[in-house]
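Here are my notes on the model you sent over. I've kept them as numbered points, so you can follow along with the structure open.

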Amino acid sequence: MKYPEIRVGSRKIGQNHPPLIIVELGINHNGNLKLAKKLILSAKKAGAEIIKHQTHLPYYEMSEEAKDIVPVHTKENIYKIIEKCSLNIKDEKILKKFVEKKNLEFISTPFSREASDQLNLMNVKAFKIGSGECNNYPLIEHISKFKKPIILSTGMNDIKSIKIATKIIEKHKINYALMHTTNLYPTPTNLIRLNCLKILKKNFPKAVIGLSDHTSDNLTSYAAIALGASIIEKHYVDSKKIRRGPDVSASIDQKQLKELIEGSKKIYSAMPGIKKPVKEEINTMKFAFASVVAIKNISKGSKLSKENIWVKRPGTGNFLAKDFKKLLGKIALKNIKINTQLKKKHIKI
């Protein structure tokens, strides 16, 4: 079956391919290029394929009023946090080259028109658009003009507002993915709403579907993959014990990332198939199934009944349990020894 598909570099993404785990570096480097590189090396050891950054140019991204907004999971205003935790353009270029030198793909989320222009000049292979920009239709229109694949997070939005965004993307004939998410850091289990993956799939048949998971473990991600998610995005830090930052509480560490990548492949390989016995079960079927047997010594000419036949393992006889009822009332052509399987030669059919 043909499913929607996008490509980031050489990596194909969709239900016909293993799930992609996007490592969200975000601002967990706290504006420190050296730490950013360390996090990338750690993620690569865990098996990462794609590193996602956040491209922040605070002046172009936020007005002065942003200095009065304090996110619920922090103690500082959002302007100060972003200003302190973001890399400058020069360092981001260095970071991209570092990522690619390690044979990983680099993508990023722009939070302003100027940031998207910068990323396009850096020749990123795809754009990630955050939930806060899902209804920022002027920015989506601007990014769509670059004609590159788009991964769009949909937290804090409903189907109506998402459809406006996808209409813009589809107008530019761009392949895209939609990511369900809840923008709480970390997200409480009861607010995750995994059923929204199915809702997105139903309403947006042209989209690859994924989950941007802001929980601090992998359970939700595993469940999402089993429900058909082709992309999982997780905030990442090498160690939650020693790192500090606004997104660390909603991040996974190296051990968790390795488990998630390996687990996603196992779940994907476990999903295909139809409901019928597989050839590898044949030997098990032989001892696990039941055959019709004599539970008394049966004399030639006797009529078979529930009093002299029943079903017992193994399932290697001429008559299996499913044949039991059709044998009732049949006549024995030969003597049949107690606790032995009935043979075709024993019965007058």
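**Notes on salt bridges, backbone oddities and a charged patch**

1. Let me start with aspartate 238, which is buried, its relative accessible area being 15%. Its side chain meets that of arginine 243 in a salt bridge, with 2.9 Å from N to O. Arginine 243 has 16% relative accessibility, so this residue falls in the buried class as well. The cut-off for buried is under 20%, so both ends of the pair qualify. Keep in mind that this is a predicted model.

2. Salt bridges that share partners also tie Glu76, Lys80 and Lys84 into one network. Within that network, the side chains of glutamate 76 and lysine 84 meet at 2.8 Å, N to O. Neither end is buried here: glutamate 76 is partly exposed at 25% relative accessibility, and lysine 84 is partly exposed at 46%. If you want the overall tally, the count comes to 17 salt bridges.

3. Which residue does glutamate 233 pair with in a salt bridge? The partner is lysine 128, and the closest N and O atoms are 2.9 Å apart. This pair links distant parts of the chain: glutamate 233 sits in strand β10 (residues 231-236) and lysine 128 in strand β6 (residues 127-129), with the two positions 105 residues apart. Glutamate 233 and lysine 128 are both buried.

4. On to the backbone, where asparagine 30 deserves a look. Its phi is positive, about 55°, although the residue is not a glycine. Asparagine 30 belongs to the loop between β3 (20-26) and α1 (33-45). Is this residue buried or exposed? Asparagine 30 has a relative accessibility of 31%, so it counts as partly exposed.

5. What does asparagine 30 touch, once neighbours within four places in sequence are left aside? The contacts are Lys84, Cys85, Arg244, Gly245 and Pro246. Lys84 on that list is also part of the network with Glu76 and Lys80. For a sense of scale, asparagine 30 and lysine 206 are 37 Å apart in space, C-alpha to C-alpha, and 176 residues apart in sequence.

6. Asparagine 123 is another non-glycine residue with a positive phi, in this case about 60°. You'll find asparagine 123 in the loop between α5 (113-121) and β6. Strand β6 is the one that holds lysine 128 from point 3. With a relative accessible area of 48%, asparagine 123 is partly exposed.

7. Check the omegas too if you're preparing the model for anything downstream. The peptide bond from tyrosine 185 to proline 186 is cis, with omega near -5°. Proline 186 lies in the loop between β8 (176-180) and α8 (195-203). A cis peptide bond also joins arginine 313 and proline 314, with omega about -5°. Proline 314 is in the loop that runs between β13 (309-312) and α12 (324-327).

8. Now the surface charge. Which lysines gather in a patch of positive charge on the surface? They are Lys300, Lys334, Lys343 and Lys345. Lysine 300 comes from the loop between β12 (291-294) and β13, while lysine 343 is in the loop between β14 (331-332) and β15 (347-348).

9. The two lysines fall into separate accessibility classes. Lysine 300 has a relative accessible area of 61%, so it is exposed. Lysine 343 has 30%, so it counts as partly exposed.

10. Last one, on what surrounds lysine 300. Leaving aside neighbours within four places in sequence, lysine 300 is in contact with Ala332, Leu333, Lys334 and Asn335. Lys334 appears both there and in the positive patch. The C-alpha atoms of lysine 300 and lysine 334 are 4.4 Å apart in space, although the two positions lie 34 residues apart in sequence numbering.

Conventions:
Residues numbered from 1 in each chain as written. Predicted model: local features only at pLDDT ≥ 70, side-chain atom pairs only at ≥ 80, totals over all residues. Heavy atoms only, no water. Patch = residues over 30% accessible without salt bridge, like charges linked within 9 Å, V, L, I, M, F, W, Y side chains within 5 Å. Areas by Shrake-Rupley, 256 points an atom, 1.4 Å probe, with all protein chains shown as cover. Salt bridge = Lys/Arg side-chain N within 4 Å of Asp/Glu carboxyl O. Lys, Arg positive; Asp, Glu negative; His and termini not counted. Charge placed at Lys NZ, Arg CZ, Asp CG, Glu CD. Helix = DSSP H or I, 4+ residues; strand = E, 2+ residues; numbered from the N terminus. Buried < 20%, exposed > 50% of the residue type's maximum accessible area, 1.4 Å probe, protein only. Contact = heavy atoms within 4.5 Å.
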